[in-house]
Amino acid sequence: MTTIAFLGLGHMGAPMAARLGTAGHQVTVWNRTRAKADALAGATVADTPAVAAAGAEVVITMLTGPAAVEAVVLGDDGVASTIRPGAVLVEMSTIGPTVLAALASRLPDGVGLVDAPVGGSTGMAARGELTILAGGADDDIAAVTPVLETLGTVRRCGGPGAGAAAKLVAISAMVCGVTLLGELRTIGVALSLPTDLTEGLLAAGPMSIFVERTAGPGGHYPVELAAKDLGLTVEHARAPFVSATLGEVRAALPRLGSRDVSVLAAVRGTE
Ligand SMILES: NC(=O)c1ccc[n+]([C@@H]2O[C@H](COP(=O)([O-])OP(=O)(O)OC[C@H]3O[C@@H](n4cnc5c(N)ncnc54)[C@H](OP(=O)(O)O)[C@@H]3O)[C@@H](O)[C@H]2O)c1
């Protein structure tokens, strides 16, 4: 059993924290909006990130993005003010390697840091089927692997920041693919192709994985998170294709920002 502080109980964090509790770990949770923490059965609720982190062997953050993670870890009453030497901070949000490096430079001596962003949906989080892209020192990753394996399959990517970096490649592929699918459907309409012909071609070809991802009832990965993630990617590389996709995604934000990213796979103008 590990003493865990879990910070951030959004669509992903809530089922992950619940799963850790069910597995027998001692979980203390904190969330900015307290009602979500109070709703989590069986967990102890802390008033601040600092209070949650004070007694923990493993501190997990699962928050919107870079600004939220910096606030929760480095801000007033943040994790860094109380996390104890020997504990490991496991950063599981999608924030990219730059902010990860800033965290590493400002944690107290003796505190480990593992970047472990995830691939998968909210349903996969609840079932412990996430893909966890881990970066960090070997000892730190080894120390938290039993906890992470409760949440999914751990894929070691390399040293500090390697998991955060790998996640940007993986999520860019997904968002660009879904957006391209919508564009291809729009081209089919513009060319007056029968819908079933277009759909048959797309489902049988290289876009099939995106057809599958966007066919169901939809996940909880909204367009606004997709814009955040592509924005992180283009900070780190010359990426004209991703940049163009980011332009499309940002243009969709006012109308579709809160909807699952699968909405980008619809014929333009019918979303
Ligand atoms: N959704 C997915 O399918 C999916 C899949 C893989 C990875 N991810 C990544 O996982 C992370 C979490 O995603 P999610 O879907 O759980 O997001 P979400 O439902 O929007 O939850 C975001 C969490 O961050 C908190 N937060 C936001 N700004 C904050 C701030 N300034 N200070 C403190 N807390 C703050 C929110 O608190 P409140 O409750 O108070 O708003 C909430 O707990 C993101 O980095 C996302 O890119 C998501």
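Which helices each supply at least two residues of the shell around the ligand? In this predicted model, the helices that do so are H4, spanning 66-74, and H11, spanning 223-236, and the views below begin with the two domains before turning to the ligand and to the helix pairs.

**View 1. The two domains of the protein chain and the side on which domain 1 touches domain 2.** The domain assignment divides the protein chain into domain 1, covering 3-159, and domain 2, covering 166-265. The C-alpha centres of domain 1 and domain 2 are 28 Å apart, and where the domains touch, 11 residues of domain 1 are in contact with 12 residues of domain 2. On the side of domain 1 that touches domain 2, eight residues are polar and three are nonpolar, while no charged residues are found there.

**View 2. The ligand and the shell of residues around it.** The ligand is surrounded by 28 residues, and the closest of these are Gly10, Met12, Arg32, Thr33 and Ala68. Because domain 1 (3-159) and domain 2 (166-265) both give residues to this shell, the ligand lies between them. Helix H4 provides the largest share of the shell, with four residues, and helix H11 is likewise a source of at least two. Sorted by class, the shell around the ligand holds 14 polar, 11 nonpolar and three charged residues.

**View 3. Helix H4 beside helix H5.** Helix H4, which also contributes to the shell around the ligand, has an axis that comes within 10 Å of the axis of H5 (residues 96-106), and the two cross at roughly 10°. That angle makes H4 roughly parallel to H5. On the H4 side the contact is formed by Pro66, Val69, Glu70, Val73 and Leu74, which meet Val99, Leu103 and Arg106 of H5. The residues of this contact of H4 with H5 comprise six nonpolar and two charged, with no polar residues among them.

**View 4. Helix H11 against helix H12.** The axes of H11 and H12 (residues 240-256) come within 9 Å of each other and cross at roughly 155°. This makes H11 roughly antiparallel to H12, and the crossing of the two helices is left-handed. From H11, the residues taking part in the contact include Val223, Ala227, Leu230 and Val234, and among those they and their neighbours in the contact meet in H12 are Val242, Leu246, Val249 and Leu253. By class, the contact of H11 with H12 consists of 11 nonpolar, four polar and two charged residues.

**View 5. Helix H8 packed on helix H12.** Helix H12, seen in the previous view with H11, also packs with H8 (residues 162-190), at an angle of about 60° and with the axes 10 Å apart. The crossing of H8 and H12 is left-handed. Ser172, Val175, Cys176 and Thr179 in H8 meet a set of H12 residues made up of Phe241, Val242, Thr245, Glu248 and Val249. In this contact of H8 with H12, five residues are nonpolar, three are polar and one is charged. Val242, Thr245 and Val249 of H12, listed here in the contact with H8, are also listed in the contact of H12 with H11.

Methods. Residues numbered from 1 in each chain as written. Predicted model: local features only at pLDDT ≥ 70, side-chain atom pairs only at ≥ 80, totals over all residues. Domains from an automatic or database assignment. Contact = placed C-beta atoms within 7 Å. Nonpolar A, V, L, I, M, F, W, Y, C, P; charged D, E, K, R; others polar. Near = placed C-beta within 6 Å. Axes fitted to C-alpha atoms, helices over the stretch in contact; angles between N-to-C directions. Parallel < 35°, antiparallel > 145°, perpendicular 65-115°, else oblique. Left-handed = near helix turned anticlockwise from the far one by under 90°.
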